[in-house]
Amino acid sequence: MFTLPKLSFDYNALEPHIDAKTMEIHHTKHHQGYTNKLNKALEDKGEDGISIKEILKSVSKHGTAIRNNGGGYYNHSLFWEILTPNGKGMPSGNFKSKFEETFGTLQNFKEHFSNAAATRFGSGWAWLSVDANGELFVSSTPNQDNPLMDVVEEKGTPILGIDVWEHAYYLNYQNRRPDYINAFFKVINWEKVSGNYDIALKTKSQTT
């Protein structure tokens with residue numbers, strides 16, 4: 001049974017970059033909805049006790065309800081964790097070295113990542129992930145898919161993601177997705193992203 005994760009900040013903490021009402025609706029309505037529907041779909045299949053990552057890694061064996069709602073549950077759980085008021089830190093430690101090796105500068109990464117998010121047709125996500133060789137890559141996925149899933153082309157472990165569904169930004173930004181993407185960079189918790197990278201590498205080494 002999965003539960004809606006609590007946020008580490010108040011709904012208004014990300015203003016003016018992301019407004020309180022959008023955050024509240026996003027968390028209590030959309031994410032709660034994915035959580036409830038995932039639990040119902042797993043209950044109907046008689047499955048319990050399996051981790052969300054294991055579900056997603058073999059999502060092709062499950063139905064559409066588990067793919068969509070399992071993705072929605074996982075994606076949003078990661079999304080909340082990498083947000084913080086006023087931004088926090090810069091890429092650090094092992095992640096900083098790999099980040100600079102891959103993208104050169106933060107500005108280069110921002111342009112690459114922003115393009116992936118802005119050009120995702122319709123609803124979906126853009127990601128920074130770690131592949132099976134420990135390399136960083138940027139990708140985007142439709143709907144609630146993510147790089148963990150065995151049905152996507154570019155597979156890996158997400159360490160940073162941006163929700164580009166309209167429900168993530170509709171009250172402040174309406175149809176202005178590029179403005180929302182730009183604001184997102186002002187509330188990234190880079191310390192958390194750096195930690196996610198270390199965890200991804202550790203997990204990879206334990207499975208190889």
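This report walks through the fold of one chain, from its overall build down to a few single residues.

## The chain as a whole

First things first: this is a predicted model. The chain has 208 residues, and its secondary structure comes to eight helices and three strands. Read from the N terminus, the elements go α-α-α-α-α-β-β-β-α-α-α. The radius of gyration is 16 Å, close to the 17 Å that the globule rule gives for 208 residues, so the chain is as compact as a globular protein of that length.

If you like box sizes, the C-alpha trace spans about 45 × 45 × 30 Å along its principal axes. Of the 208 residues, 48% count as buried. The accessible surface comes to about 10,100 Å², and carbon and sulfur atoms make up 48% of that surface. Among contacts with a separation of 6 or more, 69% are between residues 24 or more positions apart.

## The sheet

The three strands make an open sheet in the order β2-β1-β3, and the pairing is antiparallel. Strands β2 (136-142) and β3 (157-163) sit at the edges with a single partner strand each, so one side of each has no neighbour in the sheet. Going from one strand to the next, the twist averages 25°.

Now for the β1 and β2 pair. Strand β1 covers residues 124-130 and is joined to β2 by seven bridges, with the two running antiparallel. To find your way along this pair, look for Trp127, whose bridge partner in β2 is Ser139, and for Gly124, which stands opposite Pro142 in β2. The two strands form a hairpin with five residues between them. In that turn, Gly134 has a positive phi of about 80°.

## What lies over the sheet

Helix α4 (residues 93-103) lies across β1, β2 and β3. Against β2, helix α4 runs at about 75°. Is β2 mostly covered or mostly open? Mostly covered: five of its seven residues are buried. That goes for a strand at the edge of the sheet, with a single partner strand.

## Helix α4 meets helix α8

The structure holds 20 aromatic pairs. Take Phe95 and Tyr197 as one of them: the ring centres are 5.4 Å apart and the planes are at 50°, so this pair counts as tilted. The pair links distant parts of the chain, with Phe95 in helix α4 and Tyr197 in helix α8 (residues 190-206), 102 residues apart. How much of each residue is left accessible? Phe95 has a relative accessible area of 0%, so it is buried. Tyr197 has 4%, so it is buried too.

Next along in helix α8 is Asn196. Is Asn196 buried or exposed? Its relative accessibility is 9%, so Asn196 counts as buried, under the 20% cut-off. Leaving aside neighbours within four places in sequence, Asn196 is in contact with Leu78, Ile82 and Ile159. Of these, Leu78 falls within the range of helix α3 (64-81), and Ile159 falls within the range of strand β3 (157-163).

## Backbone oddities

Most residues other than glycine have a negative phi, and most peptide bonds are trans. A few spots in this chain go the other way. One is the peptide bond joining Glu15 and Pro16, which is cis, with omega at about 5°. You will find Pro16 in the segment before α1 (20-45).

Then there is Asn86, a residue other than glycine with a positive phi, near 65°. Asn86 lies in the loop between α3 (64-81) and α4. With a relative accessible area of 65%, Asn86 is exposed, over the 50% cut-off. Gln174 also has a positive phi, near 50°, and is a residue other than glycine. The place to look for Gln174 is the loop between α6 (170-173) and α7 (177-184).

Technical notes. Residues numbered from 1 in each chain as written. Predicted model: local features only at pLDDT ≥ 70, side-chain atom pairs only at ≥ 80, totals over all residues. Heavy atoms only, no water. Pairing = 2+ DSSP bridges. Helix = DSSP H or I, 4+ residues; strand = E, 2+ residues; numbered from the N terminus. Axes fitted to C-alpha atoms, helices over the stretch in contact; angles between N-to-C directions. Contact = heavy atoms within 4.5 Å. Buried < 20%, exposed > 50% of the residue type's maximum accessible area, 1.4 Å probe, protein only. Rg over C-alpha atoms; globule rule 2.2 N^0.38 Å. Areas by Shrake-Rupley, 256 points an atom, 1.4 Å probe, with all protein chains shown as cover. Phe/Tyr/Trp six-rings, centres within 6.5 Å; stacked < 30°, edge-to-face > 60°.
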